[in-house]
Amino acid sequence: MDSIIRVNGKEHHVTAPPDQPLLWVLRDNLQLTGTKYGCGEGQCGACTVLMEKRAVRSCLTPFSAAAGKNIMTIEGLEQNGELHPVQQAFLHEEAFQCGYCTSGMILSAVALLNGNHHPSEDEIVHAMNGNICRCGTYPRIVSAIRQAAQKG
């Protein structure tokens with residue numbers, strides 16, 4: 001399949017099988033390696049990207065479903081040298097250790113805050129439920145999201 005895909009505000013002409021996971025198109029075709037392969041089953045959230053501002057698991061999203069859509073990866077959040085408020089809050093709260101889950105966590109949090117500017121702690125926990133952090137920094141992640149919501 002030959003298609004145009006918009007990633008981080010730029011159009012890319014990509015040739016890939018229609019059923020190839022978006023994750024591999026991003027990593028292999030576009031060299032955007034911030035999106036991580038975790039479980040390959042959509043359960044861990046490491047591969048989360050935004051498609052039309054909604055969090056999706058790129059390991060389960062076929063390239064054909066992403067064609068013509070606006071995709072945002074962790075590499076696209078920073079604007080004009082300024083970190084996104086969620087990225088800044090993750091740094092401030094030290095909400096990561098190994099960092100493997102971080103890009104997926106941040107993008108899931110951005111999707112949450114896009115739709116709910118002032119989520120409760122229960123809403124944060126519910127929205128982040130599909131993202132796994134093997135290091136167990138969940139309290140810091142929740143604090144970071146609350147901090148970002150206050151600044152947004």
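Biologist: Where should I start with strands β3 and β4, and in which sense do they pair?

Modeller: In this predicted model, strand β3, residues 48-51, pairs with β4 in the antiparallel sense, and four bridges link the two. As a general idea, strands of a sheet pair through backbone hydrogen bonds, either parallel or antiparallel.

Biologist: Which residue of β4 does M51 stand opposite?

Modeller: M51 faces R54 of β4. Another pair to look for is V49, whose bridge partner in β4 is V56.

Biologist: And how many residues lie between the strands in that hairpin?

Modeller: Two residues lie between β3 and β4, and in this hairpin E52 takes a positive phi near 55°.

Biologist: What can you tell me about β1 and β2?

Modeller: They pair in the antiparallel sense over six bridges. To find your place, look for I5, which has H12 of β2 opposite. The hairpin of β1 and β2 has two residues between the strands, and N8 is the one with a positive phi near 55°.

Biologist: Now let me step back to the sheet. What is the order of its strands?

Modeller: The sheet is open and has five strands, in the order β2-β1-β5-β3-β4, with mixed pairing. At its edges are β2 (10-15) and β4 (54-57), each of which pairs on one side only. Direction ignored, neighbouring strands of this sheet are turned by 40° against each other on average.

Biologist: Which strands does helix α1 touch?

Modeller: Helix α1, residues 22-29, packs on the sheet and touches β1 (2-7), β2, β3 and β5 (70-72). Its direction makes about 100° with that of β2.

Biologist: Which strands does α4 lie across?

Modeller: α4 lies across β3, β4 and β5, and runs at about 35° to β3.

Biologist: How do I read the packing of one helix on another?

Modeller: Two packed helices are described by the angle between their axes and the distance between the axes. Try it on helix α4 (residues 102-115) and helix α5 (residues 121-128): they pack at an angle of about 130°, and their axes are 10 Å apart. That angle makes α4 oblique to α5. As for handedness, α4 and α5 make a right-handed crossing.

Biologist: Which residues make that contact?

Modeller: From α4 come M105, S108, A109 and L112, and from α5 come E123, I124, A127 and M128. Sorted by character, the residues of this contact are six nonpolar, one polar and one charged.

Biologist: At what angle do α5 and α6 cross?

Modeller: The axes of α5 and helix α6 (residues 138-151) cross at roughly 115° and come within 10 Å. This crossing is right-handed. On the α5 side the contact is made by E121, I124, V125 and M128, and on the α6 side by I141, V142, I145 and R146. Those residues divide into six nonpolar, no polar and two charged.

Biologist: How do α4 and α6 cross, and how is their contact made up?

Modeller: Their axes come within 11 Å and cross at roughly 40°. α4 and α6 are therefore oblique to each other, and the crossing is right-handed. M105, A109, L112 and L113 of α4 meet Y138, I141, I145, A148 and A149 of α6. Here the division is nine nonpolar, no polar and no charged.

Biologist: Let me try reading across those contacts. Where does M105 appear?

Modeller: M105 of α4 takes part in the contact with α5, and M105 is also listed in the contact with α6. You can follow I124 in a similar way: I124 of α5 is in the contact with α4 and in the contact with α6.

Biologist: Last topic: which domains does the assignment give?

Modeller: The domain assignment of the protein chain gives domain 1 as 2-76 and domain 2 as 85-151. Taken over C-alpha atoms, the centres of domain 1 and domain 2 are separated by 21 Å.

Biologist: How many residues of each domain are in contact with the other?

Modeller: On the domain 1 side there are 19 residues in contact with 13 residues of domain 2.

Terms used: Residues numbered from 1 in each chain as written. Predicted model: local features only at pLDDT ≥ 70, side-chain atom pairs only at ≥ 80, totals over all residues. Heavy atoms only, no water. Axes fitted to C-alpha atoms, helices over the stretch in contact; angles between N-to-C directions. Parallel < 35°, antiparallel > 145°, perpendicular 65-115°, else oblique. Left-handed = near helix turned anticlockwise from the far one by under 90°. Contact = heavy atoms within 4.5 Å. Nonpolar A, V, L, I, M, F, W, Y, C, P; charged D, E, K, R; others polar. Pairing = 2+ DSSP bridges. Domains from an automatic or database assignment.
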